[in-house]
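User: I would like to go through the cysteines and the ligand site here. Please set each value against its cut-off.

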Amino acid sequence: MDNQNKLAFDGGWQYAPAPESTDHITIDGQYGLFIGGDFVAPESGKYFESINPATEEVLSSVASASSADVDSAVKAARKAYNGPWSKMKAAERGKYIYRIARILQERAREFATIESLDGGKPIRESRDIDIPLAAAHFFYYAGWADKLEYAFPGKRPVSLGVAGQIIPWNFPLLMAAWKIAPALACGNTVVLKPAETTPLTALKLAEVVRDAGLPDGVVNIITGAGETGAAIVNHDDVDKVAFTGSTGVGRIIQRALAGTNKKYTLELGGKAANVIFADAAIDQAVEGIVNGIFFNQGHVCCAGSRLIVQESVADEVVQKLKDRMETLIVGDPLDKNTDIGAINSASQLETIESYLRLGQEEGAEMHQSSRDIPTTGYWCRPTIFTGVSQSNRIVQEEIFGPVLAIQTFRTLDEGLSKANNTPYGLSGGVWTDKGSKIFKMTQKIRAGVIWANTFNKFDPTSPFGGYKESGVGREGGMHGLGAYLRLEG
Ligand code: ADP
């Protein structure tokens with residue numbers, strides 16, 4: 001253990017609290033549905049609460065959209081599509097998208113704070129990753145709006161119409177940006193539903209859309225749970241469905257869309273492996289593992305939830321990981337020192353805890369950091385499992401929490417076959433000093449994104465998506481445009 005870690009571990013010193021203030025934000029007590037450019041009451045009159053998972057306090061009540069509300073939103077989107085949006089010059093469309101990007105940048109601090117309050121993620125992450133990347137997606141796709149024919153030479157790109165978009169709770173604003181920005185750039189209108197536990201930044205984005213002056217109905221944002229999502233998927237006048245969430249719901253959606261004319265993209269679960277070779281820069285690799293699974297509470301579909309480490313350095317890596325885990329601060333998401341925030345909901349915490357029990361029942365050895373965690377709210381200590389076998393459910397299934405399963409390997413082929421041995425294929429990581437090993441591994445790991453000597457780095461220009469049960473289609477980059485267009489000629 002190095003000196004700095006040892007000091008923190010021994011409780012020799014603590015950081016003074018550095019909480020982000022909430023004075024600069026406003027959250028209304030109640031939000032309606034953003035349909036046709038206005039916030040309207042839900043047809044059923046029903047609302048549900050969005051809580052702060054770190055304190056269990058209610059932040060706001062949001063509308064529960066029925067299928068009648070979904071129908072109104074789709075009608076508003078169709079009217080805007082047939083009306084101003086599909087007739088507008090592409091360069092003009094681009095200007096609106098730039099405007100959204102700029103307003104998001106101006107209001108970045110407010111968005112970051114609300115994201116951390118509503119979702120439980122550390123402010124450092126929402127401030128440095130979620131919100132800047134969301135703005136970057138709008139900037140990137142704004143630039144494509146009037147250049148679509150250059151993306152697809154020899155083809156005539158034609159917009160699809162109304163896109164129904166359903167997103168999860170792990171990156172609420174960023175997922176909204178991933179979905180809305182390319183859809184608008186390609187000339188579509190949208191109906192977007194955020195997850196029921198994290199609706200607030202999407203509703204704030206509705207304010208941005210209104211302030212940016214987009215024609216009414218181009219972007220509609222409606223809230224609700226799974227039934228609202230299903231009503232979007234099954235609506236006859238939706239031309240494209242874009243979904244990010246669990247593989248289970250993805251399957252339901254794929255079945256519902258089979259035999260229809262709707263285009264779809266599905267970005268589903270993952271069980272990414274970080275493969276560390278003995279020649280890797282070990283300290284850097286350990287930091288990459290920590291970043292890949294513990295930061296953001298493991299609430300990332302491409303989280304590095306498996307570690308496959310070459311046998312000769314396994315003891316060293318595991319010891320360094322354990323030391324580093326002791327220094328990770330689990331606590332107030334608004335505190336700038338926090339490494340691991342709150343688990344998003346009581347039910348997600350229950351899921352994680354059931355996997356912790358299962359891992360032990362399966363015979364694996366569990367190790368957790370010994371630091372204190374808060375007593376109210378939903379929290380999970382960073383956890384590793386060693387002594388796991390390939391068939392264990394904690395190795396095969398997505399847990400979506402700060403839980404890492406560790407396996408070892410001797411030869412490159414063994415490491416590769418372990419890395420590929422899950423039903424998922426969203427992402428992966430390779431840590432080695434040798435370029436040749438990077439090339440061999442990245443060509444053969446069956447995953448949509450593979451990082452080498454780094455992990456969880458995103459950029460709007462890079463496509464993202466899965467192999468196998470991790471999904472269908474790509475988002476981001478030029479590939480992300482293709483998902484919102486029909487190519488003629
Ligand atoms: P997670 O496990 O990440 O919460 P889910 O797949 O349950 O993922 O949820 C992702 C999104 O899908 C949420 O917005 C949720 O409301 C929505 N959803 C849940 N069930 C359905 C369904 N049957 N059809 C469409 N959307 C759904």
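**Cysteines and ligand shell**

Analyst: The sulfur of Cys 302 lies 5.3 Å from the closest cysteine sulfur, in Cys 301, too far for a bond. This is a predicted model, where local features need pLDDT of at least 70, side-chain atom pairs count only at pLDDT 80 or more, and totals for chains, interfaces and linings use all residues. Residues are numbered from 1 along each chain as its sequence is written, and side-chain values use heavy atoms, with hydrogens and water left out.

User: How many disulfides does the rule give?

Analyst: A disulfide is a pair of cysteine sulfur atoms within 2.5 Å. The count is zero. Cys 380 is in no disulfide either; its nearest cysteine sulfur, that of Cys 301, is 18 Å away.

User: Is Cys 302 buried or exposed?

Analyst: Buried means under 20% relative accessible area, exposed over 50%, partly exposed in between (1.4 Å probe, protein chains only). Cys 302 has 1%, so it is buried. Cys 380, at 3%, also counts as buried.

User: What makes the Glu 196 side chain a polar contact of the ligand?

Analyst: A polar contact is a pair of N or O atoms within 3.5 Å. A polar side-chain atom of Glu 196 is 2.7 Å from a ligand oxygen atom. A side-chain N or O atom of Trp 169 is 2.8 Å from an oxygen atom of the ligand. For Ala 230, a backbone N or O atom lies 3.4 Å from a ligand nitrogen atom.

User: Which element gives the most to the shell around the ligand?

Analyst: That is α9, with three residues.

Definitions and conventions. Polar contact = N/O pair within 3.5 Å; in protein donor to acceptor, adjacent residues only side chain to side chain. Helix = DSSP H or I, 4+ residues; strand = E, 2+ residues; numbered from the N terminus.
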